[in-house]
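Visitor: Could you take me through one helix pair up close? I'd like the geometry and the contacts, and then a look at the fold around the pair.

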Amino acid sequence: MTTDSRIPQSPSAAAEGAPDASVVRRKVATATAVGNFVEWFDSGAYAIMSATIAGLFFPQYDKTAALLATWAVFAGGFVARPIGAAFFGRYGDRIGRNRMLALSVLCMSGSTLLIGLLPSYATFGIAAPVLLFLLRALQGFSTGGEYTGASAFIMEYAPEGRRARYASVVPLTVGLASVAGALTGLVITSSLTEAALNSWGWRIPFLLAGPLGLIGLYLRSRIDDTPVFRAMEKRDAVQEAPLREAWKRCRRQVLTLFGYSITNAVGYYLMSSYMIAYMSEEVGYTKAQAMLTSVLAMLAYSAACPLMAAAADRYGRKPMLLVACGGFAVATLPAFWLIGTGLAGAIVGAMVLAVLVSVIGTANVPAMVEMFPGQLRASGSAIGYTAAYVLFGGTAPFVATGLVSLAGTPLAPGFYLMGLAAVSALVVLFSFRETVHLPLTRTTVLEK
């Protein structure tokens, strides 16, 4: 492996040479955290109110069919993710990481706010679910570049040896956003009558997108772009066609990232978005009990993220990815079994899944940034990661609901996740190369 000597070998070192390096990093972490929180609170708002949305936008179907239609719209939003990944990935590699993130939070907040203003099927007829699908697609377009872009942004400021810990801000704020969303849903459903919930209460999480989006946009617009990107600009190393070059030069890395991210994607969406509807519609818990379980599981996930990130910095990305895949293969079925044994068991089972998702997520974030050279980083990581979330993450609630109906057992989603974890373990074992010591400033592709 060689590096381009014209580019400083440590973006951290450049920052450390300045007297206010720690202040800069705190500002970067805050801007990343708040912006990412806004994005994922907005995205999670749909899942929070999924059961209510099913009755309001698909009243012509029975309960199961309406829920399936609601999850189909949820998955439909992921159809736009590849377009968003292509757009924001290219934008981030050509124009800058920071401007890409400012645009993505603006796009997400606007689309979510409009969902909160949509009339229901009873008022607007078939146009209501059509518009719901289009706005959900716009959400997906925005999300296509957010997670990978935020990961690259904060890691290109991070000090050596602590990249995963800095990068854990990204999955951590996803978890906190989900907690905030679930708490919002819990308060709304617990304090409102069914009539009030169906009339206007379901809109509240979506309408919060407006002010939250402005806060995220303000913070992101006040931070300079990363040392890595600024160095590339000075050395004229910015690629004109980063998407094409990423697929041409980094195909193995893209496919490897896809191969283990499928477990990350399905694990996360079963644990978060699907869990509330699963517990209330399939297992028989009240909505309040399901949301309480979701809150506690996401708190466990959020608390585990910094710890698992520290382990990823100490032991490397590959061992942690293998631990996560092995854990899913062994513990998923018992976790789903526990969810059906009562509220206490449900909380424990959901927490088991949450901790496993934190293991794979906090290793995945630094790995997907490190495996790509600087000038192709936003594009390459967006392609592989987003493809996994489009094909497997976005469809996870729909597939899980269908599997429960077809197999006649609430354990069916557990078997699905276990099978994917086995596939991901093989990918990590035979295709993934350790990335923990790779310089983020390199411009060459690491070959196998």
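Guide: Let's start with the crossing: helix α22 passes α23 in a right-handed sense. Bear in mind that this is a predicted model. Two packed helices are described by the angle between their axes and the distance between those axes, so here is that pair of numbers. Helix α22 covers residues 396-407 and helix α23 covers residues 412-431, and they pack at an angle of about 125°, with their axes 8 Å apart. That angle is over 115 but not over 145, the range between roughly perpendicular and roughly antiparallel, and α22 and α23 are therefore oblique to each other.

Now for who touches whom. On the α22 side you'll find Val399, Ala400, Leu403, Val404 and Ala407. What they meet in α23 is Ala412, Pro413 and Tyr416. Sort the residues of this contact by character and you get eight nonpolar, no polar and no charged.

Zooming out, the pair sits in a protein with 23 helices and zero strands. Its radius of gyration is 21 Å, close to the 22 Å that the globule rule gives for 448 residues, so the protein is as compact as a globular protein of that length. Along the principal axes, the C-alpha atoms fill a box of roughly 65 × 45 × 40 Å. As for burial, 60% of the 448 residues count as buried, with the cut-off set at under 20% relative accessible area. And if you like contact maps: take the contacts in the protein with a separation of 6 or more, and residues 24 or more positions apart account for 85% of them.

Key. Residues are numbered from 1 along each chain as its sequence is written. This is a predicted model: local features need pLDDT of at least 70, side-chain atom pairs count only at pLDDT 80 or more; totals for chains, interfaces and linings use all residues. Side-chain values use heavy atoms; hydrogens and water are left out. Axes are lines fitted to C-alpha atoms, for helices over the stretch in contact, and angles run from 0 to 180 degrees between N-to-C directions. Helices (H or I, at least four residues) and strands (E, at least two) are DSSP runs, numbered from the N terminus. Angles under 35 degrees count as roughly parallel, over 145 as roughly antiparallel, 65 to 115 as roughly perpendicular and the rest as oblique. A crossing is left-handed if the near helix is turned anticlockwise from the far one by less than a right angle, and right-handed if clockwise. Contact means heavy atoms within 4.5 Å. Ala, Val, Leu, Ile, Met, Phe, Trp, Tyr, Cys and Pro count as nonpolar, Asp, Glu, Lys and Arg as charged, and the others, Gly among them, as polar. The radius of gyration is taken over C-alpha atoms; the globule rule is 2.2 Å times the number of residues to the power 0.38. Buried means under 20% relative accessible area, exposed over 50%, partly exposed in between (1.4 Å probe, protein chains only).
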